[in-house]
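Colleague: I have a new model open and a few minutes before my next gel. Can you walk me through it?
Modeller: Sure, ask away.

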Amino acid sequence: DGGDSLLHHAVTLANDEAVKFLLLNNANPNLANARGSTALHVATERHLKPTVELLLGRRATNVNAKDEDQYTALHWTAQNGDEAIARLLLDRGAAINETDGRGRTPAHIACQHGQENVIRVLLSRGADVQVRGKDDWTALHLAAWQGHLGIVKLLVKQAGADVDGQTTDGRTPLHLASQRGQYRVARILIELGANVHMTSMGSHTPLHVAA
């Protein structure tokens with residue numbers, strides 16, 4: 001059964017009456033299953049806001065517990081684009097800049113998956129978009145690579161993301177957008193002041209990469 005507790009099963013079935021009963025009878029909300037997921041992880045993965053509210057109503061619930069990928073509930077919510085649950089988790093003390101096993105914050109994850117609504121929430125709560133994950137990728141690198149135009153604009157205009165920040169191999173967001181053929185994003189980055197002459201390892205400019 002993947003190491004699921006009764007509470008995990010109740011959450012999986014979206015049976016809030018059972019969740020209430022188990023919590024009232026002192027079920028441990030922080031028990032992890034074989035994937036390292038707590039009941040809160042499962043509830044956020046499944047977009048179960050009422051269940052998340054029940055779990056967070058218990059003072060013992062660890063809002064920043066991490067699963068096997070070092071994802072917190074907020075990482076899952078960022079991936080799923082669930083704005084309401086993101087607000088709820090942040091209201092209850094979720095660590096906004098917590099990193100996963102690859103050094104990615106919830107902002108990284110939201111940018112990777114194109115969840116502009118969640119990015120807006122995270123930015124309004126003070127998320128740090130300069131955090132560098134594995135290979136020095138920032139949230140802007142991920143948004144440019146994936147071609148998420150609206151998020152790219154938000155990160156640069158509203159959050160002051162470094163438009164010329166370089167990964168460990170020297171690539172800027174403009175290099176990445178050009179490499180992936182994300183030409184609308186590339187054009188916006190140039191309009192926002194990206195340096196078209198920046199070189200990556202191998203002395204490639206964004207124009208070389210796009211060719």
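Colleague: What distance separates the centres of domain 1 and domain 2?
Modeller: Taken over C-alpha atoms, the two centres are 30 Å apart. Domain 1 is 1-128 and domain 2 is 129-210. Those bounds come from an automatic or database domain assignment.

Colleague: And how many residues are in contact between them?
Modeller: 18 residues of domain 1 are in contact with 19 residues of domain 2. Contact means heavy atoms within 4.5 Å.

Colleague: Any ground rules before I go on?
Modeller: This is a predicted model, with pLDDT of at least 70 needed for local features and 80 or more for side-chain atom pairs, while totals for chains, interfaces and linings use all residues. Residues are numbered from 1 along each chain as its sequence is written, and side-chain values use heavy atoms, with hydrogens and water left out.

Colleague: Fine. How many helices and strands are there?
Modeller: The protein has 13 helices and zero strands. Both are DSSP runs, numbered from the N terminus: helices are H or I with at least four residues, strands are E with at least two.

Colleague: What box do the C-alpha atoms fill?
Modeller: Roughly 65 × 30 × 20 Å, along the principal axes.

Colleague: What share of the residues is buried?
Modeller: 49% of the 211 residues. Buried means under 20% relative accessible area, exposed over 50%, and partly exposed in between, with a 1.4 Å probe and protein chains only.

Colleague: Let's take one helix. How many residues of helix 5 are buried?
Modeller: Six of its eight, so helix 5 (residues 73-80) is mostly covered under that cut-off. The buried ones are Ala-73, Leu-74, His-75, Trp-76, Thr-77 and Ala-78.

Colleague: What do they pack against?
Modeller: Helix 3 (39-45), helix 6 (83-91), helix 7 (106-112) and helix 8.

Colleague: What follows helix 5?
Modeller: Gly-81 does, and its phi is positive, near 75 degrees.

Colleague: Which residues other than glycine have a positive phi?
Modeller: Ala-14 is one of them, with phi near 55 degrees. Ala-14 lies in the loop between helix 1 (6-12) and helix 2 (16-24). Asp-136 is another, with phi near 65 degrees. The place of Asp-136 is the loop between helix 8 (116-124) and helix 9 (139-146).

Colleague: How accessible are those two?
Modeller: Ala-14 has a relative accessible area of 41%, so it is partly exposed. Asp-136 is at 29%, so it counts as partly exposed too.

Colleague: Back to helix 2. Is Leu-22 buried or exposed?
Modeller: Leu-22 is found in helix 2. Leu-22 is buried because its relative accessible area is 16%.

Colleague: What is Leu-22 in contact with?
Modeller: Leaving aside neighbours within four places in sequence, Leu-22 is in contact with Leu-6, Leu-7, Ala-10 and Ala-27. Leu-22 and Ala-10 are twelve residues apart in sequence, and 8.7 Å apart C-alpha to C-alpha.

Colleague: New topic. Which residues does the UniProt repeat annotation cover?
Modeller: The unreviewed UniProt entry gives "repeat: ANK" for residues 2-34, 69-101, 102-134, 135-168 and 169-201. Such annotations may be inferred rather than shown by experiment.

Colleague: What do residues 135-168 look like in the model?
Modeller: That stretch is 50% helix and 0% strand, and its end C-alpha atoms are 5 Å apart. Residues 169-201 are 48% helix and 0% strand, with end C-alpha atoms 5 Å apart.
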